[in-house]
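Work through the exercises below with the structure open beside you. Try each task before reading its solution.

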Amino acid sequence: MQILVLNGPNLNLLGTREPDTYGTQTLSDLESLVRTRFKDVDFQFAQSNHEGELIDYLHGARGYDGIVFNAAAYTHTSVALRDAIAAIDVPTIEVHLSNVHAREAFRHHSMLAPVCRGVISGLGMTGYLLAIEALIQPST
Ligand code: DQA
């Protein structure tokens, strides 16, 4: 089982970035948490601040069993990322650390959600674990 965990812009700064909103754990803490929890899964972890590079990572995941994707701010703007998810035919779960629906109105809309298997928002890093669980054991 092969899963890509992909994080978008500014998430490289997790740990110090707006800790009241995003917590104090870093992206490498997330990777350790995930790898420790799911020892039998072959994970690829990637982060990019660049839309085109995120598209390349999505294309590279063709044939994988799933993608957990926090597209960060691109969630709310990117037709190109949405088209990439639609193009690759890999179950993709959109994840957000914060509850985007409890925040500014411009965060309430996701360009990606309609082409994703599901969306998890507001559960911090636990959201990534739940998304992986759902990819491993899809509901019927
Ligand atoms: C985020 C929410 C987005 O609105 C924001 O732009 C981010 C992070 C989250 O994980 O809560 O950068 O995706």
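The exercises that follow concern a predicted model.

**Exercise 1. Strand β3**

Task: Determine how many residues of strand β3 (residues 66-70) are buried, and which of them point one way from β3 and which the other way.

Solution:
- Step 1. Apply the cut-off: a residue is buried if 20 or more other C-beta atoms lie within 10 Å of its own.
- Step 2. Five of the five residues of β3 pass this test, so the strand is largely enclosed by the rest of the structure.
- Step 3. Sort the side chains by direction. In a regular strand they alternate between the two faces of the sheet.
- Step 4. In β3, G66, V68 and N70 point one way, while I67 and F69 point the other way. Both groups are buried.

**Exercise 2. Partners of β3**

Task: Find which residue stands opposite N70, which stands opposite I67, and in what sense β3 pairs with strand β1 and with strand β4.

Solution:
- Step 1. Strand β1 (residues 2-7) is joined to β3 by five bridges, in the parallel sense. Here N70 of β3 faces N7.
- Step 2. Strand β4 (residues 92-96) also pairs with β3 in the parallel sense, over three bridges. In this pair, T92 of β4 lies opposite I67.
- Step 3. Follow the chain from β3 through helix α4 (residues 79-88) to β4: these elements form a β-α-β unit, and it is right-handed.

**Exercise 3. The ligand and the annotated residues**

Task: State which residues surround the ligand, and why the residues annotated as "binding site" do not all gather at one spot.

Solution:
- Step 1. The shell around the ligand consists of N10, N70, A72, A73, T75, H96, L97, S98, V100 and R107. By class, four are nonpolar, five polar and one charged.
- Step 2. The unreviewed UniProt entry applies the annotation "binding site" to N70, H76, D83, L97, S98 and R107. These span 38 residues in sequence, and the farthest two C-alpha atoms are 24.3 Å apart, so they do not all gather at one spot.

**Exercise 4. H76 and S98**

Task: For H76 and S98, decide whether each is buried, exposed or partly exposed, and list its contacts beyond four places in sequence.

Solution:
- Step 1. H76 sits in the loop between β3 and α4. It has 16 C-beta neighbours inside 10 Å, so H76 is partly exposed.
- Step 2. The contacts of H76 beyond four places in sequence are F106, R107, H109, S110 and M111.
- Step 3. S98 belongs to the loop between β4 and β5 (118-121). With 18 other C-beta atoms within 10 Å, S98 is partly exposed.
- Step 4. Beyond four places in sequence, S98 is in contact with T21, Y22, R103 and G122.

Note on methods
Residues numbered from 1 in each chain as written. Predicted model: local features only at pLDDT ≥ 70, side-chain atom pairs only at ≥ 80, totals over all residues. Buried ≥ 20, exposed ≤ 12 C-beta atoms within 10 Å, placed from the backbone. Helix = DSSP H or I, 4+ residues; strand = E, 2+ residues; numbered from the N terminus. Pairing = 2+ DSSP bridges. Right-handed = clockwise from strand over helix to strand, strands pointing away. Near = placed C-beta within 6 Å. Nonpolar A, V, L, I, M, F, W, Y, C, P; charged D, E, K, R; others polar. UniProt positions renumbered as here; feature names shortened; annotations may be inferred. Contact = placed C-beta atoms within 7 Å.
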